[in-house]
Each structure stands twice: as structure tokens, then as C-alpha cells.
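Please work through the exercises below with the sequence and the structure at hand, trying each task before reading its solution.

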Amino acid sequence: MIGPRWVGDMVMAQCLFSALKELHPNAAIDVLAPAWAAPLVARMPEIRQQIDLPLKSGALEFRIRHRFGRLLRGRYDIAYVMPGSWKSALIPYFARIPRRVGNLREMRYGLLTDIVPLPDAGKRRTAQSYFNLAQGGTFRAPRLTVDAANQATLLTRFGLEAKKFAALMPGAEFGPAKRWPSEHYAGLARDFMGRGFKVALFGSKNDANVTAEIAALAPGAVDLAGKTRLEDAIDLISAARLAVSNDSGLMHVAAAVGTPIVAVYGSTSPENTPPLAERRELVWLGLYCSPCHKKVCPLGHLNCLKTLKVARVAAAADRLLEIPAAA
């Protein structure tokens, strides 16, 4: 497996892994992916091992890919290339893997031996497009395993109780056009805390400025951005009563550990990358200018998120919490 480079995409890639394990129960499935993904891949029982891919994001690094491919020769029968770029298909080509499966995308004739059609309507539907590469099997939502011992240790460390806190994920690595404003998240946090829930803010160190803003506006919120490893976030989010998130990697993590999720959308569409959860609420204004799929609002106003009121997201949360609406 040539794996994707984003947390959410890697979670959705499990739709392909589980289908292949169903079709080929005795197959050994390895994933070639960036080192950061190892804790996430380790929570997928379909995978035998991860092979770290030492490449910079977006870089060609042709010689490294060629050398890496040569090292993998003779070890695999089939390669599945999940990213759509031309360069992502080079390693299995250099490895001389007999079957190399993927979508055409960037004109990858010759690099791939089995080109799976990808209709225009499916290009942004990531989970479905990954699953389709299996060309069979059953579509299953991602399900990550949880380390109960690590979870208990973390809950004690951060003063949280299982199912008595809400997990808020206010970051988005993609860009600000996916981020519901900090003041709105803070208003929601105050609402939760006013009803007796604790609130934990999750994110990477890159989200620390955003979570710090929210924590300052909502005193009492526990700011965990940059203070947990990816595997810790998986275990803690699985203990939350409810999660609220932008369209981000942690949104897909919450869905994959069975936590009810309110997903807030701005520049992207819930039709393309919804959390694959049994209990979910998708909140989106659907303005004339969205989805634009841009990192930064091209019109400069970000109305798709700024005008999305706290009350609307809180009402969605109440439906998941089964709290009746106020008279």
C-alpha cells in the first residue's frame, strides 16, 4: 500500500484495507507511509507493518524513490497506490511489483498496470475512491482499536472522566477556510461547561495558537494541543461523550473510535468527506460560494463559517446527546 499523507485520508484508507483482507484473508498487507502515521496504522488490525517513507511532503526526490523501490524488489505481488500523484506511483514501479493498482489521475499510464476508473463525481469522495481500488469486498467504515490501559492513564493525567467530557477539535491542517472561528468554539465550550461537561481541546502543536485562544475565552477548558501523541488522541477521543470538529483528520479519528460527532463544514462539502460514524450530525450552511475547496476564503469574508452560529452547532450536539430542545 502506498498510503496517503494526511491523518483523515489514512483513516479512510482502512476502507480499502478491510475490503482487501476480506477478499484475501491470508494476505500480508504492509503500508508505505510517513513515519508520523505509524501510531495510526498500528490501530488497524488489517495491517502487518508500516514501512516509513523518508520523503519530504510534495518533494519528488527521484533518487530516493528509485533506491527505495529497488530495496523492495521481490517482496510483493500487488501494490495499491492511493495518492493520485504521478510521483507516488514511482516506488512500486521501481520495485517491479507485478500488479500496480490505482486511479489514472496524473496520466500514470505505464506506471500502473491496473487502472481503476474514477468518475468525476467520485474524485473528492475519498473513502469510496479508496474502497473502489479493491474492486470487490464489502464497504466498511473505519474502526480503530483503542488501548484501554493508555486511555485510563491519560484520563487520570488530564483530570478527565470517561463519557463526562466533550472533545473539541478546532484545528485544520488544510487551512483557515476549514476552521470554525475560535470565538464560536469558545461559546460552544462555555455552553457545554455550563451544563456540567468538561471540555478538552485537541490538536497538534500547529493548532496550539487556536486552542490557546479558545481556552482563554472559555476558562476551564483543558487545552491538550501539542501535549498528546497521535495514539493518545485516539484513546482520549474514544472516551469522550461527544466530539465537535472541523472537517479534519481528528474528525475521522472520532468517527473511527465510535464517538458521536458533530462535523462543521465550511469550504468543503459533507457529501464528499463525511465522518463515517453511526451517530453523527453534519452542519453546513451550503452558501452559494461553497464548497470552494480553497485553503483561504477567495472572497475574503469566510461567511460559510463566520455566520454559522453557535446555537446551530449546539442544537446538533443536543440531538446526539438526546437532550430536548429548549421550549
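**Exercise 1. A residue in a loop**

Leaving aside its neighbours within four places in sequence, with which residues is Thr 268 in contact?

Solution. Bear in mind from the start that this is a predicted model. Begin by placing the residue: Thr 268 sits in the loop that runs between strand 10 (261-264) and strand 11 (280-283). Next, consider its accessibility, where the cut-off for buried is under 20% relative accessible area; Thr 268 has a value of 9%, so it is buried. Finally, list the partners, which, with neighbours within four places in sequence left out, are Lys 178, Asp 247, Trp 284, Pro 291 and His 293. One of these partners deserves a further look, since a cis peptide bond with omega of about 5 degrees joins Ser 290 and Pro 291, and Pro 291 is itself found in a loop, the one between strand 11 and helix 12 (303-306).

**Exercise 2. The largest nonpolar core**

Find which residues of the largest nonpolar core touch the most other members, and work out where this core lies with respect to domain 1 and domain 2.

Solution. A general expectation comes first: in soluble globular proteins, nonpolar side chains tend to be buried together. In this model the largest nonpolar core has 59 residues, and those that touch the most other members are Met 1, Leu 16, Phe 165, Met 169, Phe 202 and Ile 237. Helix 11 (residues 249-256) gives the largest share of this core, namely six residues. Since domain 1 (7-134) and domain 2 (148-322) both contribute residues, the core lies between them. To see one member in detail, take Met 169, whose contacts, not counting residues up to four places away in sequence, include Tyr 185, Phe 202, Ile 237, Leu 250, Met 251 and Ile 261. Another core, of 32 residues, lies apart from the largest one, and among its members are Ala 186, Ala 189, Val 262 and Leu 321.

**Exercise 3. Two domains and their interface**

Describe how domain 1 and domain 2 meet, going from their separation to the area buried and then to the salt bridge across the interface.

Solution. Start with the distance: the centres of domain 1 and domain 2, taken over C-alpha atoms, are 29 Å apart. The contact draws 13 residues from domain 1 and 13 residues from domain 2. Turning to area, about 1200 Å² is buried between domain 1 and domain 2, with 69% of it on carbon and sulfur atoms. On the side of domain 1, Arg 43, Arg 124 and Arg 125 supply 42% of the area buried against domain 2, which is more than any other three residues supply. One salt bridge is found across this interface. For Arg 43 there is also a salt bridge to report, formed with Asp 235, in which the closest N and O atoms are 2.7 Å apart.

**Exercise 4. The sides of helix 9**

Which residues of helix 9 (residues 208-217) are buried, and against which elements do they pack?

Solution. The buried residues of helix 9 are Val 210, Thr 211 and Ile 214. Around the axis they cover an arc of only 95 degrees, and therefore they lie on the same side of helix 9. On the other side of helix 9, Asn 209 and Ala 216 are exposed. The buried residues pack against helix 8 (182-194), strand 7 (198-201) and strand 8 (222-223).

**Exercise 5. Salt bridges**

How many salt bridges are counted, and which residues are linked with Asp 191 in a network of them?

Solution. The count comes to 11 salt bridges. In one of them the side chains of Arg 195 and Asp 191 meet at 2.6 Å, N to O, and the network of salt bridges links Asp 191, Arg 195 and Asp 318. Both ends of that pair are partly exposed, with relative accessibility of 32% for Arg 195 and 29% for Asp 191. In a further pair, Arg 229 and Asp 232 meet at 2.9 Å, N to O; here Arg 229 is partly exposed at 47%, whereas Asp 232 is buried at 5%. A third example joins Glu 281 and Arg 319 at 3.0 Å, N to O, and this pair links distant parts of the chain, with Glu 281 in strand 11 and Arg 319 in helix 13 (residues 310-321), 38 residues apart.

Technical notes
Residues numbered from 1 in each chain as written. Predicted model: local features only at pLDDT ≥ 70, side-chain atom pairs only at ≥ 80, totals over all residues. Heavy atoms only, no water. Core = buried A, V, L, I, M, F, W, Y, C linked by side-chain atoms within 4.5 Å. Buried < 20%, exposed > 50% of the residue type's maximum accessible area, 1.4 Å probe, protein only. Helix = DSSP H or I, 4+ residues; strand = E, 2+ residues; numbered from the N terminus. Domains from an automatic or database assignment. Contact = heavy atoms within 4.5 Å. Arc of directions from axis to C-beta. Salt bridge = Lys/Arg side-chain N within 4 Å of Asp/Glu carboxyl O. Buried area = accessible area lost by both parts, 1.4 Å probe.
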